Amino acid sequence: MPSFVDIIEFFGTIAFAISGIRLASAKEFDWFGAFVVGMATAIGGGTIRDLLLDVTPFWMDNPIYLICGALSLAWVVFFSRTLVHLNNTFFWFDTLGLALFMVVGMQKTLDLEFSIWVAIIMGTISGVAGGIIRDVLINEIPLIFHKEVYAVACINGGLAWWVLSAVHVNELICQIVCALVVLGTRYLAVRYQWCLPVLVHHKDPNVTAPPSVKSRQEEAQNK
C-alpha cells in the first residue's frame, strides 16, 4: 500500500514531466528528446537529494516513475492542440510539481532524522534542481536565476512547516500548508510581478574593458 508521500511523489513526477515535455515540444524536440527532458525535470531534483542523503535514488526502486514519464509524453502528444490554447499550462504544472516535491523532499529528510533546516534545503533542491537541468537541456537560462520568485517559494513553504511543527501541529497539516504556501507564493509573485532585487554591476569608467574575441579576430584578419 503506497504511503501518502509516495502518492504525492507520483503526482509530482507527472506534473514536472509534463512541464518539461511541454517546453521541449515548444523547442520542437523529437519524442525521445522530449521524454529525456521530461524525465530529467521529474527525477533530477529527487536524485540529487537522495544522493546527498546517501540513499538509493527513488526512481531506481520502482519503474512506475519511468512509466509516469511515458504517460506524460503520451498526454502531451495526444492533447498538444489543447495545450497550445492553455497559455499558462507550463506555469501550473511546474508550480504543482514544485509544491509537491518540496513536501516530499522535506518529509523524506525528516524521516531520516535530519534537522528541519536540512529538510528545507533538501526540499528546495527536490523542487528546483530538476528545473535547472531542464532549462540547461533546452538551452535556456534556468528559471531559478531569474528575478522571478521560485526557490524562495519553496523556502517560504519550508518555514511554514517549521513554525507549525514547532507548535506540534499534525504532520499531515504541515505537509498541506507547506504545499499551499509554495503554490500561493508562486501565484501571487506572478500575479503581482513580485521579484527579488537584481544585483547591479557598476562599471568603473576609468577601467578600459579588454577587447572581445570577435574584435581580436577582426583585427587579425585586417593584418
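In the chain, 72% of the contacts with a separation of 6 or more are accounted for by residues 24 or more positions apart. The model is a predicted one, and its chain holds 9 helices and 0 strands, so that, under the assignment applied, the elements from the N terminus on run α-α-α-α-α-α-α-α-α. Of the 223 residues in the chain, 41% are buried, while the accessible surface comes to about 13,100 Å², with 66% of this area belonging to carbon and sulfur atoms.

In soluble globular proteins, nonpolar side chains tend to be buried together. The largest nonpolar core in the model comprises 34 residues, among which L98, M102, M106 and W161 touch the most other members. Two or more residues are given to this core by each of α1 (4-26), α2 (31-52), α5 (89-111), α6 (116-137), α7 (151-166) and α8 (171-191), and the largest share, 8 residues, comes from α5. When its neighbours within four places in sequence are left aside, W161 is in contact with V103, M106, Q107, L110, I116, C174, Q175 and C178. A second core, separate from the one described above, contains 8 residues, including I21, A24, A34 and V76.

On the surface, F4, L172, I173, I176 and L180 form a nonpolar patch, and together these residues have about 440 Å² of accessible area. Helix α8 provides the largest share of the patch, 4 residues, and I173 lies in this helix. With a relative accessible area of 40%, I173 is classed as partly exposed, because this value falls between the 20% limit for buried residues and the 50% limit for exposed ones.

Technical notes
Residues numbered from 1 in each chain as written. Predicted model: local features only at pLDDT ≥ 70, side-chain atom pairs only at ≥ 80, totals over all residues. Heavy atoms only, no water. Core = buried A, V, L, I, M, F, W, Y, C linked by side-chain atoms within 4.5 Å. Buried < 20%, exposed > 50% of the residue type's maximum accessible area, 1.4 Å probe, protein only. Contact = heavy atoms within 4.5 Å. Patch = residues over 30% accessible without salt bridge, like charges linked within 9 Å, V, L, I, M, F, W, Y side chains within 5 Å. Areas by Shrake-Rupley, 256 points an atom, 1.4 Å probe, with all protein chains shown as cover. Salt bridge = Lys/Arg side-chain N within 4 Å of Asp/Glu carboxyl O.
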